[in-house]
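Subject: The structure, and what turned up in it

Hello,

Here is the structure I said I would pass on. Have a look at it first, and then read my notes below.

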Amino acid sequence: MIWLAVYDIQDDGERAKAAAILQAWGFVRVQRSFFVGRLPRGRAQDLLHVLSRHVKTGHVALIPVPDDSLDKALELGAPPYAPLKPPRYVQTLVV
């Protein structure tokens, strides 16, 4: 399943750690605080648990998106970081 990860974190260190964790879990940055990635069923809670150990201020949301819904996304122009659709490779999970 595809997951959207968005956050609003005030602390620079926590924000950098959250980004690093998301990228280590295979998420790609779409915008500064917006990532997209694939997680096997049931792993989102594990990711949220890992994030909760490092993020004490702000808010993090993991939003599930069915694969066929994101495939139908309409985009215009070149994204500044990465395409909205995450790569379809096997991910290495860091716990």
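Leu47 sits in helix H2, and as this is a predicted model, please take what follows as a description of that model. The residue is buried, its relative accessible area being 0%. Leaving aside residues up to four places away in sequence, Leu47 touches Ile21, Leu22, Trp25, Phe27, Leu39 and Leu62. With Leu62, which is 15 residues away along the chain, the C-alpha separation is 9.1 Å.

Leu47 has company in its helix: the buried residues of H2 are Ala44, Leu47, Val50 and Leu51. Looking down the axis of H2, you will find these buried residues within an arc of 120°, so they line one face of the helix. What do they pack against? The buried residues of H2 meet S1, H1 and S4.

One of the contacts of Leu47 is Leu22, which takes us to helix H1. Leu22 is also a buried residue, with a relative accessible area of 0%. Beyond the residues up to four places away in sequence, Leu22 touches Ala5, Tyr7, Phe27, Phe35, Leu47 and Leu51. Its C-alpha atom is 8.4 Å from that of Gly37, and the two residues are 15 apart in sequence.

Now for H1 as a whole. The helix covers residues 12-24, and at 1.5 Å a residue its 13 residues should span 18 Å; the C-alpha atoms at its ends are 18 Å apart, which agrees. Its buried residues are Glu14, Ala18, Ala19, Ile21 and Leu22. Seen down the axis, they fall within an arc of 165°, so they line one face of H1. They pack against strand S1 (2-8), strand S2 (28-31), strand S3 (34-38) and helix H2 (43-52).

Both ends of H1 are worth a click. At the N-terminal end, Asp11 acts as a cap, with a side-chain oxygen 3.0 Å from the backbone nitrogen of Gly13. After the helix comes Gly26, whose phi is positive, near 95°.

So where do Leu22 and Leu47 belong in the wider picture? Both are among the residues with the most contacts inside the largest nonpolar core, together with Tyr7 and Phe27. That core has 19 residues, and the elements giving two or more residues to it are S1, H1, H2 and strand S4 (59-65). Apart from it lies another core, of eight residues, including Leu4, Val28, Val30 and Val65. In soluble globular proteins, nonpolar side chains tend to be buried together.

Phe27 is a good one to display with its neighbours. Not counting residues up to four places away in sequence, Phe27 touches Trp3, Ala5, Leu22, Phe35, Val36, Gly37, Leu39 and Leu47.

Finally, the strands. S1 is mostly covered, with five of its seven residues buried. How many bridges join S1 to S3? There are five, and these two strands run antiparallel; Ala5, for example, has Phe35 of S3 as its bridge partner. S1 is also joined to S4, by seven bridges, and this pair runs antiparallel as well. Here the bridge partner of Trp3 in S4 is Pro64.

If you would like a place to begin, try Leu47 in H2 and then move on to Leu22 in H1.

Best wishes

Methods. Residues numbered from 1 in each chain as written. Predicted model: local features only at pLDDT ≥ 70, side-chain atom pairs only at ≥ 80, totals over all residues. Heavy atoms only, no water. Helix = DSSP H or I, 4+ residues; strand = E, 2+ residues; numbered from the N terminus. Expected span 1.5 Å × (residues − 1). Buried < 20%, exposed > 50% of the residue type's maximum accessible area, 1.4 Å probe, protein only. Arc of directions from axis to C-beta. Contact = heavy atoms within 4.5 Å. Polar contact = N/O pair within 3.5 Å; in protein donor to acceptor, adjacent residues only side chain to side chain. Core = buried A, V, L, I, M, F, W, Y, C linked by side-chain atoms within 4.5 Å. Pairing = 2+ DSSP bridges.
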